[in-house]
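This report walks through a model of two protein chains, beginning with one chain, then setting it beside its partner, and ending with the places where parts of the model meet.

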Amino acid sequence: MKALVAGFAFFARRLMQAALVMLAILIIAFAVRAALGDPLREIMGEAVPAAERDKLMHELGLDAPWPVQFVRYLGDAVQGDLGTSFIYKRPTLDVVLAKFPASFELVLGASLAVLVLSVPAGIYCAVRPRALGAKLILGLSVLGISIPVFLTGIFLITVFSVWLGWLPAFGRGETIRLGFWESGLLTKDGLEHLILPALTLSSIMLPLFIRLVRGAMLDELGHDYVRTARAKGASPPRVWLNHALRNALVPLAAVGGLQIGTLVAYTLLTETVFQWPGMGFLFLEAVSRADIPLITTYLVFVGLIFVVTNTLVDIVSLMLDPRISLEGAR
Amino acid sequence: MSGQALGAQPRALLGSAAEYPGAALAGLVLGVIAIAALLAPLIAPQDPFDLTSFDVLDASLPPAWLVGSDDRFLLGTDAQGRDLLSAILYGTRISLTVGLLAVLIQAAIGVPLGLIAGYVGGRVDTVVSRVADIQLSLSTLMMAIIALALFRAVLGGESLSRYAVPLLVIVIGVAEWPYFARTARGAAQVEAAKDHVRAASALGASNLAIMGRHILPNTHSPLIVIATTQVAGAIMAEAALSFLGLGMPVTKPSLGTLIRSGYDLMFAGAWWVTVIPGLVLIALLISVNVLGDALRDALDPRRTAH
């Protein structure tokens, strides 16, 4: 009962914090728009006579005090109206959402690559700490931390596209439309285009995750229950995978979830290198052409992704292991 | 089990002995790069920021060891005819300057806040830790990108170019202070529980005096370690921002800008404009990180045991 109350209090506090961070992001977005954006330009284009301008300003309520305008902005934002893009002449949220699948699939591919590569490598380094391979993997991961992600991308393109000609280097390839979702995961061409960008993006997380898996596994392997399992005669792979790995994954899930935000940030660099038509690419275009509504919409949208993933991670890790988060939350 | 532990002892010693030559090599590489960058105005054949000193007729010449090179340009030229060696020397200077100054700002914000949070505790601690957590959860690179994008929108591309160095320093400095705050907070908590601090407090020393004179001097080793890692991080952040076109302009290129400007032409044949600055950047980052690792091991006796 007590645990339930504490859990509920934690849940409420976490949601409250998420709402506050989101409000702060909306305030920043609003301030930027108020200071830099010109809403009339969004509607009518550049040249409007001054008298007509003032009249329109009044009609649209743009001369209202800023708290009134902010409340109106909040109301619009909640309904999904974040303004109109200068470049595309369409609602900014539609523009950003149209590019979302590309970035999402890139992050998904990178996360899968991290999982598939770091778990076996981490387990190997934990169970065979003195093997040459383990030292090599750990050494390479130090090297990996020191190589900027855009240079990794350029290197992969040079080797696999230019020298070997195995994989395409630029763009998403052939995509298939499923409703509003434009997917590259359903065609061979689309998947081939995904490999190099996803590997590049995963390279920023691999060193960290190999070390994390290794550390968590070493921790678990020292526990009594592992010795018991061994004494019962369980085979080593069974002990590693069914016993130790399962427990090691709980803290890893938490760290992994928190890194999704960082992955989103690094999509900007990856998308630039591979000319991947995602949200990051769109954002940089918006920046270079000073499309303020589009910039602030991206800000709000990415902020929302960060806040939602962080909140979910905290709640999920509480459900997986009530001890950790409640102690940490005090 | 015990046989393994016994065996681990000499191996661990061998391991750390083998690590120090690596650190020495890293120090040497870093030293050479730093001195070359420092002396750039004296040793560079050309002033790469002076647009009148180079000629577009010299554009995209390959490095001296390739066919078609020009003796005046040891590492070749970029698409504007700029001497690549000079550009790299000056660019490294910018990367190092931005990296070091940004870390100074991070420390100036993070260390005092962390000390106060760790020593005073209570509500102050809660607020500082929460703000730090939230800022870290929003990804520091993302914050830097958005801040620079907004500066660019406010000031326009041209003013951004003029104030690029101070802006980069401030943005990278402000984005990453939580790392210092966290380290300082942890160290301050450990120190605050020790007898010498309690004695000072009992003798009536003010909180400020205790933090400045009794706690700070005893927290320097974790702070030095984190500072080294942060310098590498700041150099990498500057390169990333410049690569995205949000940092140093093409007229005043840093290593990141050079890599970007070369990337557009890389697969048309002029690979050296991207690859050579890229290698210098990697060498710089690896040597700083290896030094950081060695410092961590040297300053923290617990970690050498593993």
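Chain B of this predicted model has 13 helices and 0 strands, and, read from the N terminus on, its elements run α-α-α-α-α-α-α-α-α-α-α-α-α. Chain A, for its part, has 14 helices and 2 strands, and its C-alpha atoms fill a box of roughly 85 × 65 × 35 Å when this is taken along the principal axes.

The table sets out some values for each chain; the last column concerns contacts between residues at least 6 apart in sequence, and gives the share that joins residues at least 24 apart.

| Chain | Residues | Buried | Contacts joining residues at least 24 apart |
|---|---|---|---|
| Chain A | 330 residues | 37% of residues | 72% of contacts |
| Chain B | 306 residues | 46% of residues | 70% of contacts |

**Where the chains meet**

The two chains touch through 28 residues of chain B, which are in contact with 31 residues of chain A. On the side of chain B that touches chain A, the elements that give two or more residues are α4 (122-137), α5 (140-162), α10 (220-243) and α12 (272-299) of chain B. Which of these gives the most to that side? It is α5(B), with 9 residues. Sorted by character, the residues of this side of chain B divide into 21 nonpolar, 6 polar and 1 charged.

**The nonpolar core**

In soluble globular proteins, nonpolar side chains tend to be buried together. In this model the largest nonpolar core has 157 residues, and those with the most contacts inside it are Y298(A), I145(B), I172(B) and A240(B). The helix that gives the most to this core is α3 of chain B, residues 84-120, with 19 residues. Looking at one of the core residues by itself, and leaving aside residues up to four places away in sequence, Y298(A) touches V96(A), M279(A), F283(A) and A286(A).

**A pair of helices in chain B**

Two packed helices are described by the angle between their axes and the distance between the axes. For α3(B) and α4(B), the axes come within 7 Å and cross at roughly 140°, which means that α3(B) is oblique to α4(B). The crossing of α3(B) and α4(B) is left-handed. On the α3(B) side the residues that meet α4(B) are L113(B), I116(B), A117(B) and V120(B), while α4(B) brings G122(B), V124(B), D125(B), V128(B) and S129(B) to the contact. Taken together, the residues of this contact of α3(B) with α4(B) divide into 6 nonpolar, 2 polar and 1 charged.

Definitions and conventions. Residues numbered from 1 in each chain as written. Chains lettered and ligands numbered in written order. Predicted model: local features only at pLDDT ≥ 70, side-chain atom pairs only at ≥ 80, totals over all residues. Contact = placed C-beta atoms within 7 Å. Helix = DSSP H or I, 4+ residues; strand = E, 2+ residues; numbered from the N terminus. Nonpolar A, V, L, I, M, F, W, Y, C, P; charged D, E, K, R; others polar. Core = buried A, V, L, I, M, F, W, Y, C linked by C-beta atoms within 7 Å. Buried ≥ 20, exposed ≤ 12 C-beta atoms within 10 Å, placed from the backbone. Axes fitted to C-alpha atoms, helices over the stretch in contact; angles between N-to-C directions. Parallel < 35°, antiparallel > 145°, perpendicular 65-115°, else oblique. Left-handed = near helix turned anticlockwise from the far one by under 90°.
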